[in-house]
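Biologist: I am new to reading models like this one, and I would love a close look at a single part. Could you walk me through it slowly, and show me how it fits with the rest?

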Amino acid sequence: MAGVVNQATSEIAYQIFHNRQAAPAERFERMIQKSKELSQAAERMLEFTPPLHPDRTEDYVELAVTLRHYASGLRESAVEGNLDQAVLWFWHVKNTCMTCHEVYRFGEQEPLRKPLSVTPRSND
Ligand code: HEC
């Protein structure tokens, strides 16, 4: 699963940022295909219990669902042929990879960044 996720993410980055000599339709077609794979991988993450924090599944599930949501945003941008929008969704995707990894792959106690909820500031 991680192999699929990694490969799909690299391929999307390549199509967004590098493959400029190719026809736009071809780049968007690859992005559509790879964001579909990313959504499917996010779906499978929901079935997976992260060994480092088997107790923290609620946050984990939220992050996997968030990844699926961002992957479908990416896909829609590619369907519409909107590269600027695809870039924005791509950064959301990357942010979600990192947020989940901090806690569930590398074992931090709390996520350093939260992709969706905003933490209220207590001292202002
Ligand atoms: C919902 C949480 C979550 C999200 C989101 C997530 N991952 Fe992971 N990822 C994990 C966990 C947990 C592991 C460690 C798995 C284990 O220990 O078996 C992992 C491991 C990996 C690994 C290492 C696999 C290995 O064989 O050691 C790669 C590569 C990876 N993720 C890539 C990504 C990429 C790229 C993204 C974003 C597109 C992403 N992941 C999003 C939870 C997540």
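Biologist: The part I have in mind is H3 and its surroundings. Which residue follows H3, and is its phi positive or negative?

Modeller: Happy to help! Please keep in mind that this is a predicted model. The residue that follows H3 is Gly81, and its phi is positive, near 70 degrees. Let's step back for the overall view, then return to H3 and work outwards.

The protein has four helices and zero strands. Reading from the N terminus, the order of elements is α-α-α-α. There are 124 residues in the protein, and 28% of them are buried. Now think about contacts between residues with a separation of 6 or more: 59% of these join residues 24 or more positions apart.

Now for H3 itself. This helix has 23 residues, and the distance from its first C-alpha to its last is 33 Å. At 1.5 Å a residue, the expected span is 33 Å, and H3 comes close to that. Its buried residues are Tyr60, Leu63, Ala64, Thr66, Leu67, Tyr70, Ala71, Leu74, Arg75, Ser77 and Ala78. What do the buried residues of H3 pack against? They pack against H1, H2 and H4.

Let's take those partners in turn, beginning with H4. The axes of H3 and H4 are 9 Å apart, and the two helices pack at an angle of about 165 degrees. Angles over 145 degrees count as roughly antiparallel, so H3 is roughly antiparallel to H4. Their crossing is left-handed. On the H3 side, residues making this contact include Tyr60, Leu63, Thr66, Leu67 and Tyr70. On the H4 side, they include Trp89, Phe90, His92, Val93 and Tyr104.

H2 is the next partner. The axes of H2 and H3 come within 8 Å, and they cross at roughly 165 degrees. That makes H2 roughly antiparallel to H3. This crossing, too, is left-handed. From H2, the residues taking part include Phe28, Met31, Ile32 and Leu38. They face a set in H3 that includes Ala64, Leu67, Arg68 and Ala78. You may notice that Leu67, Ala71, Leu74 and Ala78 of H3 appear in the contact with H4 and also in the contact with H2.

Phe28 deserves a pause. Phe28 lies in helix H2. Phe28 counts as buried because 22 C-beta neighbours are inside 10 Å, and the cut-off for being buried is 20 or more. Leaving out residues up to four places away in sequence, Phe28 touches Ala78 and Gly81. So here we meet Gly81, the residue that follows H3, once again. Phe28 also brings us towards H1: Phe28 and Ile16 are twelve residues apart in sequence, and their C-alpha atoms are 8.5 Å apart in space.

That leads us to H1, the remaining partner. H1 covers residues 2-18, and its 17 residues should span 24 Å at 1.5 Å a residue; the end C-alpha atoms are 23 Å apart, which agrees. Its buried residues are Val5, Ala8, Thr9, Ile12, Gln15 and Ile16. Seen down the axis of H1, these buried residues fall within an arc of 130 degrees, so they line one face of the helix. Why can residues spread along a helix share a face? An α-helix has 3.6 residues a turn, so residues three or four places apart point the same way. On the other side of H1, the exposed residues are Ala2, Gly3, Asn6, Ser10, Phe17 and His18. What covers the buried residues of H1 includes H2, H3 and H4.

H1 and H2 pack at an angle of about 155 degrees, with axes 9 Å apart. That makes H1 roughly antiparallel to H2. Their crossing is left-handed. Among the residues that meet here are Val5, Ala8, Ile12 and Gln15 in H1, and Arg27, Arg30, Met31 and Leu38 in H2.

Gln15 of H1 makes a good final stop. Gln15 is buried, with 25 other C-beta atoms within 10 Å. Setting aside neighbours within four places in sequence, Gln15 is in contact with Arg27, Arg30 and Met31. Gln15 and Phe28 are 13 residues apart along the chain, and their C-alpha atoms are separated by 7.6 Å. From Phe28, you can follow the contact to Gly81, and you are back where your question began.

Key: Residues are numbered from 1 along each chain as its sequence is written. This is a predicted model: local features need pLDDT of at least 70, side-chain atom pairs count only at pLDDT 80 or more; totals for chains, interfaces and linings use all residues. The expected span of a helix is 1.5 Å times one less than its number of residues. A residue is buried if 20 or more other C-beta atoms lie within 10 Å of its own, exposed if 12 or fewer, and partly exposed in between; C-beta atoms are placed from the backbone. The arc is that of the directions from the helix axis to the C-beta atoms. Two residues are in contact if their C-beta atoms, placed from the backbone, lie within 7 Å. Axes are lines fitted to C-alpha atoms, for helices over the stretch in contact, and angles run from 0 to 180 degrees between N-to-C directions. Angles under 35 degrees count as roughly parallel, over 145 as roughly antiparallel, 65 to 115 as roughly perpendicular and the rest as oblique. A crossing is left-handed if the near helix is turned anticlockwise from the far one by less than a right angle, and right-handed if clockwise.
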